Amino acid sequence: MSMIPQGEDGSMHDSKSPLSNLVAELLAEFDVEIEDCMDETVVKFNHENIVPIAKIIKFDSRLDCDYLRCLSAVDYKDRIEVVYHLSSLEKRHKLILKTSLTPEYPTISSVVSVWPGSNWFEREAHDLFGVTFLGHPNLEPLLLFEGFEGYPGRKNFPINDYKEW
């Protein structure tokens with residue numbers, strides 16, 4: 001079982017965790033930033049590398065992140081961040097993958113082929129934030145009706161001006 005070392009007070013040690021070191025080794029060919037945060041390892045990466053990184057994270061037996069806990073989108077006005085919360089059920093460790101997209105053209109490849117459970121998460125991010133997941137099998141609206149204008153998850157959505165039909 002892989003556990004991240006913690007001090008007696010529950011805080012993280014200053015050094016990188018064994019999980020961070022392993023992730024750095026496996027993703028060495030990509031330009032990634034890795035940090036430990038509480039009991040999770042956070043990996044920031046270029047959005048163009050999502051599928052190859054996802055395959056390594058899931059299929060390398062040393063990581064085995066077989067469970068996509070959540071996929072979310074966050075609007076920071078100057079960028080939209082897509083966040084993948086992952087776990088290994090067997091090894092009991094957690095990873096977070098983060099990448100930034102431009103709000104004008106928020107496009108990233110779908111990871112449905114890697115984690116089929118991302119299907120509805122990607123549809124939700126598409127509905128609420130306008131993120132297009134290239135290669136997604138069905139980006140039809142999940143939460144909003146067909147023809148809804150705008151993206152109500154974004155900070156610039158005129159929530160007070162919205163009129164229901």
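What span should the twelve residues of α3 have at 1.5 Å a residue, and how far apart are its end C-alpha atoms? The expected span is 16 Å and the end C-alpha atoms are 16 Å apart, so the two values agree. This helix appears again in the views below, which are taken from a predicted model.

**Figure 1. Overall architecture of the predicted model****.** The protein contains three helices and seven strands. Along the sequence, these elements follow the pattern α-β-β-α-β-β-β-β-α-β. Of the 165 residues in the protein, 41% are buried. Among contacts between residues at least 6 apart in sequence, 48% join residues at least 24 apart.

**Figure 2. The largest nonpolar core.** This core has 35 residues, of which L27, I57, Y84, L86 and L97 touch the most other members. Two or more residues are contributed by each of α1 (18-26), α2 (50-59), β3 (67-75), β4 (80-87), β5 (94-101) and α3 (118-129). The greatest contribution comes from α2, which supplies five residues.

**Figure 3. Helix α2 and the surroundings of I57.** The buried residues of α2 are I50, I53, A54, I56, I57 and K58. Together, the buried residues of this helix pack against α1, β4, β5 and β6. I57 is one of the core residues that touch the most other members. With neighbours within four places in sequence left aside, I57 is in contact with L27, L63, D64, C65, L86, L95, L97 and W115. Three of these partners, L27, L86 and L97, are themselves named with I57 among the core residues that touch the most other members.

**Figure 4. Helix α3 and its packing.** The buried residues of α3 are S118, E122, R123, A125, D127 and F129. Their packing partners are β3, β4 and β7 (132-134). The helix is followed by G130, which has a positive phi, near 75°. Residues three or four places apart in an α-helix point the same way, because there are 3.6 residues a turn.

**Figure 5. S110 in the loop before α3.** S110 is located in the loop between β6 (107-109) and α3. Its relative accessible area is 8%, and S110 is therefore buried, the cut-off being under 20%. The side chain of S110 makes a polar contact of 2.6 Å with the side chain of E122. E122 is in turn one of the buried residues of α3. A second approach of the S110 side chain is to the backbone nitrogen of V112, at 3.1 Å. Not counting residues up to four places away in sequence, S110 touches V51, E122, F133, L134, G135 and H136.

**Figure 6. The aromatic cluster of F145, F148 and F157****.** A pair of aromatic rings is described by the distance of the centres and the angle of the planes. The count of aromatic pairs comes to two. F145 and F148 have ring centres 5.4 Å apart and planes at 75°, so this pair is edge-to-face. The rings of F148 and F157 are stacked, because their planes lie at 20°, with the centres 6.0 Å apart. F148 takes part in both pairs, and the three residues form one cluster. F145 is partly exposed, at 36% relative accessibility. By contrast, F148 is buried at 18%, and F157 is buried at 13%.

**Figure 7. The charge of R79 over the ring of Y76****.** The charged end of R79 sits over the Y76 ring, and its distance from the ring centre is 4.2 Å.

**Figure 8. L89 in the loop between β4 and β5****.** L89 has a relative accessible area of 55% and is therefore exposed, the cut-off being over 50%. Apart from neighbours within four places in sequence, L89 is in contact with D66 and Y67. The C-alpha atoms of L89 and C65 are separated by 7.3 Å, although these residues are 24 residues apart along the chain. C65 is also in contact with I57 of α2.

Terms used:
Residues are numbered from 1 along each chain as its sequence is written. This is a predicted model: local features need pLDDT of at least 70, side-chain atom pairs count only at pLDDT 80 or more; totals for chains, interfaces and linings use all residues. Side-chain values use heavy atoms; hydrogens and water are left out. A nonpolar core is a set of buried Ala, Val, Leu, Ile, Met, Phe, Trp, Tyr and Cys residues joined through side-chain atoms within 4.5 Å. Buried means under 20% relative accessible area, exposed over 50%, partly exposed in between (1.4 Å probe, protein chains only). Helices (H or I, at least four residues) and strands (E, at least two) are DSSP runs, numbered from the N terminus. Contact means heavy atoms within 4.5 Å. The expected span of a helix is 1.5 Å times one less than its number of residues. A polar contact is a pair of N or O atoms within 3.5 Å; within protein, one must be able to donate a hydrogen and the other to accept it, and residues adjacent in sequence count only if both atoms are side-chain atoms. Rings of Phe, Tyr and Trp (its six-membered ring) pair if their centres lie within 6.5 Å; planes under 30 degrees apart count as stacked, over 60 as edge-to-face and the rest as tilted. A charge sits over a ring if NZ of Lys or CZ of Arg is within 6 Å of the ring centre and within 35 degrees of the ring normal.
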